[in-house]
Amino acid sequence: QDGYAQIISELKTEQKFWRDVPSPKRGEAIRLFGNELRKSKNDLGTLISIETGKILQEGIGEVQEMIDVCDFAVGLSRQLYGLTMPSERPSHRMQEIWHPLGIVGVVTSFNFPVAVWSWNFALATICGNATLWKPSPRTPLTAIACYRIWQRTIKRSEYNNLAEDIFKIIIGHKEQAEWIAKDKNIDLVSLTGSTQMGKTLGKHVTERFGKLILELGGNNAMVVTPSADMKLAIRAMVFSAVGTCGQRCTTLRRVIVHNSIYDELASKLKKYYKTIKLGNPLEDDILIGPMISEEFFNQMQSVLEECKNDGAIVTGGKRVNIDQGSGIYVTPAIVELEKAEEITKTETFAPILYLMPYNTIDEAIKIQNDVPQGLSSCIFSHDLLETELFVGPNGSDCGIVNINIGPSGAEIGGAFGGEKDTG
């Protein structure tokens with residue numbers, strides 16, 4: 001912990017310098033960082049794929065998301081506006097001015113090892129803050145790579161040796177995350193992970209009245225109505241349910257299908273699942289790489305066994321021996337239910353997709369909302385009344401609502417926010 005205290009001391013010292021740098025100049029540093037990421041895009045994307053098991057296209061796509069948020073932040077660096085308001089007092093005006101917070105602590109998960117950190121880092125940096133990052137212990141190499149890219153960036157800027165220490169990383173486990181959560185020197189803490197992790201660490205932050213950003217669990221659903229384009233819906237299901245081997249916070253976990261098309265959709269989806277190729281995530285024609293750990297695989301098997309015992313029809317979910325058994329490869333699972341069961345209210349970080357029927361759109365919305373989490377949702381329908389209902393105040397209670405596109409993914413230009421236990 002002595003080393004941690006030294007890191008905090010260096011961050012505090014450097015932030016005092018950085019907050020006095022004009023914000024467009026801070027944006028210039030992020031612009032240069034984005035350019036360095038462009039140069040390293042394929043290499044860093046490959047490292048992400050190797051370390052997480054997600055396919056190469058996803059790894060490279062994650063680096064592109066970092067580049068995009070750098071571009072976004074550069075523009076914002078010239079738009080840190082405050083309001084000027086009329087005063088009720090004569091010869092007075094009121095002015096709103098935003099100042100840097102200080103140190104931002106970022107704790108991230110393995111499934112998006114760099115993208116979520118970059119959202120926080122790029123914006124924190126242009127706003128005049130320093131950043132301390134604790135990556136997942138499952139993906140330390142990508143964090144170290146990003147740290148080296150930042151060092152290379154700042155040494156090539158006009159702030160060579162002056163702003164290198166506005167960003168630090170700390171490699172560790174739960175104990176190190178608790179240091180950040182409990183530390184009064186950390187002005188804002190951004191937590192990404194499970195709902196339970198957020199409850200545990202968030203409590204420490206709020207007890208000291210620190211600022212808190214939470215991006216926690218999701219239990220995302222798709223409503224498929226009779227008017228839906230079934231081919232489009234099934235393609236969206238596959239991408240959203242099996243991408244990153246079902247280990248995204250925005251992974252599609254529940255499909256709520258109208259009774260009149262349930263059997264047809266289930267049959268077509270199972271046929272599509274049979275064509276999915278598993279294997280080395282660096283190969284071009286692979287859609288699913290390995291799971292992150294044996295622990296997650298065992299959780300998946302436990303849930304599937306419980307579903308079978310309760311009478312559900314389970315297709316897939318079997319372990320496959322690939323690469324001489326060096327990775328944990330599993331076929332994605334489809335679980336057919338007669339109604340929404342209690343087990344569907346729990347997020348299982350694995351490629352499990354629950355299918356369940358509905359009769360009316362109001363019933364479908366009720367099923368969609370009847371879970372503790374509230375991250376992302378979607379509806380496939382060509383009925384304007386249904387789609388407008390779904391996005392309105394009596395529709396989905398999630399922070400993200402999609403129409404005729406799956407729930408997985410986000411764009412840096414809009415809010416990535418959840419409700420309820422998502423944080």
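Where in H8 is the kink centred? The kink, of about 25°, is centred on Leu 201. The close-ups below come from a predicted model.

**Figure 1. Helix H8 and its kink.**
Helix H8 covers residues 195-207. With 13 residues at 1.5 Å a residue, H8 should span 18 Å, and its end C-alpha atoms are indeed 18 Å apart, so the expected and modelled spans agree. The helix has a kink of about 25° at Leu 201. Leu 201 is also one of the buried residues of H8. The others are Thr 195, Met 197, Gly 198, Gly 202, His 204 and Val 205. The cover over these buried residues includes two strands, E3 (103-107) and E6 (188-192), as well as helix H7 (174-182) and strand E7 (211-215). After H8 comes Phe 209, which has a positive phi, near 60°.

**Figure 2. The open sheet of 7 strands.**
The strands of this sheet stand in the order E10-E13-E14-E9-E8-E16-E17, and their pairing is mixed. Strand E10 (313-315) and strand E17 (400-403) are at the edges. Each of these two has a single partner strand, so one side of each has no neighbour in the sheet. From one strand to the next, the twist averages 20°. Strands of a sheet pair through backbone hydrogen bonds, in either a parallel or an antiparallel way.

**Figure 3. Strands E8 and E9 side by side.**
Strand E8 (residues 220-224) and strand E9 (residues 252-258) run parallel and are joined by 5 bridges. Asn 220 has Leu 252 of E9 opposite it.

**Figure 4. Edge strand E17 and its partner E16.**
Strand E16 (residues 376-380) runs parallel to E17, and 4 bridges join the two. One bridge pairs Ser 377 with Val 401 in E17. In a regular strand the side chains alternate between the two faces of the sheet. Which residues of E17 point to one face and are buried? They are Ile 400 and Asn 402, whereas Val 401 and Ile 403 point to the other face and are not buried.

**Figure 5. Two residues with positive phi in loops.**
Most residues other than glycine have a negative phi. Cys 245 is not a glycine, yet its phi is positive, about 55°. Cys 245 lies in the loop between helix H9 (230-242) and E9. Its relative accessible area is 2%, so Cys 245 counts as buried. Asn 404 also is not a glycine and has a positive phi of about 55°. The loop that holds Asn 404 runs between E17 and strand E18 (419-420). Is Asn 404 buried, partly exposed or exposed? Asn 404 is partly exposed, because its relative accessibility is 24%.

**Figure 6. A salt bridge within helix H2.**
Side chains of opposite charge can pair when their charged atoms come close. The whole structure contains 20 salt bridges. One of them joins Lys 39 to Glu 36, with the closest N and O atoms 3.4 Å apart. Both residues belong to helix H2 (residues 23-39), where they are 3 residues apart, about one turn of the helix. Lys 39 is exposed, at a relative accessible area of 61%, whereas Glu 36 is buried, at 6%.

**Figure 7. A salt bridge between helix H11 and strand E11.**
Glu 294 and Arg 319 form a salt bridge through their side chains, at 2.7 Å from N to O. This pair links distant parts of the chain, since Glu 294 is in helix H11 (residues 294-309) and Arg 319 is in strand E11 (residues 319-320), 25 residues apart. Glu 294 is partly exposed, with a relative accessible area of 36%. Arg 319 is partly exposed too, at 40% relative accessibility.

**Figure 8. A salt bridge between two loops, and a network.**
Lys 345 and Asp 370 form a salt bridge whose closest N and O atoms are 3.4 Å apart. The pair links distant parts of the chain, 25 residues apart. Lys 345 is in the loop between strand E13 (333-336) and strand E14 (352-358), and Asp 370 is in the loop between helix H12 (361-369) and strand E15 (373-374). Both count as partly exposed, Lys 345 at 23% relative accessibility and Asp 370 at 43%. Elsewhere, salt bridges with shared partners join Glu 36, Lys 39, Arg 152 and Arg 156 into one network.

Technical notes
Residues numbered from 1 in each chain as written. Predicted model: local features only at pLDDT ≥ 70, side-chain atom pairs only at ≥ 80, totals over all residues. Heavy atoms only, no water. Expected span 1.5 Å × (residues − 1). Bend = angle between axes of the 7 residues up to and from the residue. Buried < 20%, exposed > 50% of the residue type's maximum accessible area, 1.4 Å probe, protein only. Contact = heavy atoms within 4.5 Å. Pairing = 2+ DSSP bridges. Axes fitted to C-alpha atoms, helices over the stretch in contact; angles between N-to-C directions. Salt bridge = Lys/Arg side-chain N within 4 Å of Asp/Glu carboxyl O.
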